[in-house]
Amino acid sequence: MPLLTLKAQIHAAPEVEALLKEAMRSATKVYNGLLWHLREAYQKTGRVDLSRKNLNRILKKLPRAKDYYSMSVQLTREEVREAYQSFFALKKQGKTRHQAPGFRRKEYLSPLKYVQSGFKIASLTKVEGDRVTVSLGTGRKDGARQVSFRIAHRPGVRYERVRQLSIVYDKFSGRLEARLTVEVEAAPRPGEGRVALDLGETILMAAVFDDGSAYLYSGRGLKAVRRYWQKVRANLKRGSRRWREVAHREKLQVDHLLRQAALHFLRECAKRGVGEVVVGDLSGLREGLDYGEVLNQRLHAWPYRKLVETLRYKGALMGIAVREVEERQTSVTCHACGKALPSNRRHRGFYACSCGWRAQADVNGALNIYQRAFQVSPVKGSSGRVARPVVRSFRLGWHGVHEPKRGGDSSRAS
Ligand SMILES: [Zn+2]
């Protein structure tokens, strides 16, 4: 059964919201407390003991660990381990000069995670959404043991069971949100067909099917939307109310465009009997970036992350599996002779190699992703030529990029 992540808005009474935020700050305290003790031990002994046993021992010394649900505390502990593991990986590559992972800001609202226990979800009416009850810690001074609130997610999503629930602070909207990992019943597979996708900026998606035919989805509409809102945001104080509002609006418009493109593509897949989509894992985007650029790069990458998520989600409902494959070097490698020459990439949007191969650059990339995933090329053996790709473009409707009439309207596309 495929697992999907559903986003939901939280509608909570002010006192409930305050309690949740308080618990989230406790999670931050616990996170920082664990880091602090690990740092101290490192200074004394020169070693970091990341064993669960050691971390549990430290947790007993942290009073705030009794403020939120015990299983969630264990998930905070796992976040600390992951932080250390990625820190060690960076250190090994010489990409950080720090001595330990960084603390979270005091006011930071850490996510509250619930896996399989500590939460209950009851559906209300279609309009009202669901009612969620989550457990808090057993040692709270105010004696509160659990809180309830209402959540609302996109209508029309049917799921069997909720596996996981996270309460997170969304910095774009400035609100608390719930993320549900749910099991859904999938549609039967449309067929055995396969397709490879290369994601990019000018061409949002380049798709190559088994028969070598290609589809290009223009990224111009998306680019225009992002550029417009970036300009608006440049004149606003970062993190201010207006800034967040603008960021939120940009996100809605971007989501809308991505959904349109993803849906069009998936319907085409279903029509052609495609059961599996492989997509480049964006490792190409990370190539040549140093640690300082990671944050910028994350901002740059979010529409692609979102697109892959949308494909995965909508695809699962349609019986189409979406798998990521490593895309390193796929954009600079010649699909015909296999030589990787960065200078070959893009001459007026075309990939041209000295061996005589010439193809639209993103189609060349998608062909390489296809070959990497399936160990076979959709064009080799046949005429060796790619058919002229079909080009699709999506942009917002008549109202342009300024003000969407109803920004949150997702029903138009889905
Ligand atoms: Zn070549």
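The following paragraphs describe the overall make-up of a predicted model, two helix pairings and the surroundings of one cysteine.

The protein chain contains eight helices and 15 strands. Of its 414 residues, 47% count as buried. The accessible surface of the chain comes to about 22200 Å², and carbon and sulfur atoms account for 49% of that area. Contacts that link distant parts of the sequence are well represented: among contacts between residues at least 6 apart in sequence, 68% join residues at least 24 apart.

In the first pairing considered, helix 1 spans residues 14–45 and helix 2 spans residues 52–59. Their axes come within 10 Å and cross at roughly 115°. Because angles of 65 to 115 degrees count as roughly perpendicular, helix 1 is classed as roughly perpendicular to helix 2. The crossing of these two helices is right-handed. On the side of helix 1, the contact is formed by V30, L34, H37 and L38, while helix 2 contributes N54, L55, I58 and L59. By class, six residues of this contact are nonpolar and two are polar, with no charged residue present.

A second pairing involves helix 4, residues 220–234, and helix 5, residues 241–271. The axes of these helices also come within 10 Å, but here the crossing angle is roughly 180°. Since angles over 145 degrees count as roughly antiparallel, helix 4 is roughly antiparallel to helix 5. Helix 4 takes part in the contact through G221, L222, V225, R226, W229, V232 and R233. The partner residues on helix 5 are W243, V246, A247, R249, E250, Q253, V254, L257 and L258. The contact of helix 4 with helix 5 comprises ten nonpolar, two polar and four charged residues. Charged residues are thus represented between helices 4 and 5, whereas the contact of helix 1 with helix 2 has none.

Helix 5 also carries C269. This cysteine has a relative accessibility of 0% and therefore counts as buried, the cut-off for that class being under 20% relative accessible area. Leaving aside residues up to four places away in sequence, C269 touches V195, F209, V274, V277 and I320. One of these neighbours, F209, lies 60 residues from C269 along the chain, and the C-alpha atoms of the two residues are separated by 8.8 Å.

Conventions. Residues are numbered from 1 along each chain as its sequence is written. This is a predicted model: local features need pLDDT of at least 70, side-chain atom pairs count only at pLDDT 80 or more; totals for chains, interfaces and linings use all residues. Side-chain values use heavy atoms; hydrogens and water are left out. Axes are lines fitted to C-alpha atoms, for helices over the stretch in contact, and angles run from 0 to 180 degrees between N-to-C directions. Helices (H or I, at least four residues) and strands (E, at least two) are DSSP runs, numbered from the N terminus. Angles under 35 degrees count as roughly parallel, over 145 as roughly antiparallel, 65 to 115 as roughly perpendicular and the rest as oblique. Contact means heavy atoms within 4.5 Å. Ala, Val, Leu, Ile, Met, Phe, Trp, Tyr, Cys and Pro count as nonpolar, Asp, Glu, Lys and Arg as charged, and the others, Gly among them, as polar. A crossing is left-handed if the near helix is turned anticlockwise from the far one by less than a right angle, and right-handed if clockwise. Buried means under 20% relative accessible area, exposed over 50%, partly exposed in between (1.4 Å probe, protein chains only). Accessible areas come from the Shrake-Rupley method with a 1.4 Å probe; for residues, only the protein chains shown count as cover.
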